[in-house]
Amino acid sequence: MENNYMHRLTLSSISANVNLSTSYLCRVFKSEVGTSITSYLNNLRIRKAATLIKENTFSLKEISVMVGIDDQLYFSRLFKKCMGISPSEYGKRFHL
């Protein structure tokens, strides 16, 4: 996931890639990592987005697509849920 977070990843595609059933993969992942695959992937994408926001090179729409989230509204809601502030507010903290 670390190398492919920017692509459209589904539980089916991940489980096929590691040759495990979806339900078994979800159970093993959660027991080993402590969170669901979806939560882990979303947090990974938001951490990568936060790094890109700090660089101040791309627009928020470009960043959302770069981290694998095509819907900018969903990206903003997810970012706020994970980071506690909106992506634009996060950017303002670094670029006054």
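The legends below describe several views of one predicted model.

**Figure 1. Overall view of the protein.** This is a predicted model, in which local features need pLDDT of at least 70 and side-chain atom pairs count only at pLDDT 80 or more, while totals for chains, interfaces and linings use all residues. Residues are numbered from 1 along each chain as its sequence is written, and side-chain values use heavy atoms, with hydrogens and water left out. The protein has six helices and zero strands; helices (H or I, at least four residues) and strands (E, at least two) are DSSP runs, numbered from the N terminus. Along the principal axes, the C-alpha atoms fill a box of roughly 50 × 20 × 20 Å. Of the 96 residues, 27% are buried, where buried means under 20% relative accessible area, exposed over 50%, and partly exposed in between (1.4 Å probe, protein chains only).

**Figure 2. Close-up of helix 3 and its surroundings.** Helix 3 comprises residues 37-55. The expected span of a helix is 1.5 Å times one less than its number of residues; the 19 residues of helix 3 should therefore span 27 Å, and its end C-alpha atoms are indeed 27 Å apart. Its buried residues are I37, L41, N42, L44, R45, I46, A49, A50, L52 and I53. The cover over these buried residues includes helix 1 (11-17), helix 2 (22-33), helix 4 (60-66), helix 5 (72-83) and helix 6 (87-94). Just after helix 3, N56 adopts a positive phi of about 60°.

**Figure 3. Close-up of C26 in helix 2.** C26 lies in helix 2. With a relative accessibility of 27%, C26 counts as partly exposed. Leaving aside neighbours within four places in sequence, C26 is in contact with L11 and I37, contact meaning heavy atoms within 4.5 Å. I37 is also one of the buried residues of helix 3. The C-alpha atoms of C26 and S36, which are 10 residues apart along the chain, are separated by 6.7 Å.

**Figure 4. Close-up of the cysteines C26 and C82.** How many disulfides does the rule yield? The count is zero, a disulfide being a pair of cysteine sulfur atoms within 2.5 Å. The sulfur of C26 is 18 Å from the closest cysteine sulfur, that of C82, and this is too far for a bond. C82 is likewise in no disulfide. C82 is partly exposed, at a relative accessible area of 31%.
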